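Please find below my notes on this model, set out as numbered points. They begin with a term and then move from the chain as a whole to particular side chains.

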Amino acid sequence: MKKVLAVLALALSFVAGAALSAQVRDWHDLDAVHKHVVEAIHEMEHARAANHYDMQGHGAKAEEHLRAAERELGLAIDAARATAP
């Protein structure tokens, strides 16, 4: 459970950092964050399976949030690519 929370905190910190940082000049920065979130989703899937999906719904909710972050980052990458010089 601690590993799940650590992975979730790491993923959310990347998302928050991307959202609160100075203007992104290169979409590759966002792409790197996107890859970390995808890795966190895979880690969450493994952690949930290892715990027999019994985390009182918290694991599923965390995975749901990670997937939402992944979708938003994908949209942010598309937008950054469109405005990149």
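1. A salt bridge is here a side-chain nitrogen of Lys or Arg within 4 Å of a carboxyl oxygen of Asp or Glu. By that criterion the structure holds 5 salt bridges, and several of them are taken up in the later points.

2. This is a predicted model, in which local features need pLDDT of at least 70 and side-chain atom pairs count only at pLDDT 80 or more, whereas totals for chains, interfaces and linings use all residues. Residues are numbered from 1 along each chain as its sequence is written, and side-chain values use heavy atoms, with hydrogens and water left out.

3. The protein chain has 3 helices and 0 strands, and its pattern along the sequence reads α-α-α; helices (H or I, at least four residues) and strands (E, at least two) are DSSP runs, numbered from the N terminus. Of the contacts (heavy atoms within 4.5 Å) between residues at least 6 apart in sequence, 67% join residues at least 24 apart.

4. The accessible surface of the protein chain, from the Shrake-Rupley method with a 1.4 Å probe, comes to about 5800 Å², and carbon and sulfur atoms account for 59% of it. Buried residues make up 27% of the 85 residues, where buried means under 20% relative accessible area, exposed over 50%, and partly exposed in between (1.4 Å probe, protein chains only).

5. In helix α2 (residues 27–50), D31 and K35 are 4 residues apart, so about one helical turn separates them, and they form a salt bridge whose closest N and O atoms are 3.7 Å apart. D31 counts as buried at 18% relative accessibility, while K35, at 49%, counts as partly exposed.

6. Helix α3 (residues 58–83) carries both K61 and E64, which are 3 residues apart, about one turn of the helix. Their side chains meet in a salt bridge with an N to O distance of 3.9 Å. E64 is partly exposed, with a relative accessible area of 46%, and K61 is likewise partly exposed, at 44%.

7. Which residues does the salt-bridge network join to E63 and R67? These two both lie in helix α3, 4 residues apart, about one turn of the helix, and their side chains meet in a salt bridge at 3.0 Å, N to O. E63 is buried, with a relative accessible area of 10%, whereas R67 counts as partly exposed at 32% relative accessibility. Salt bridges that share partners join both residues with E45 and R48 into one network.
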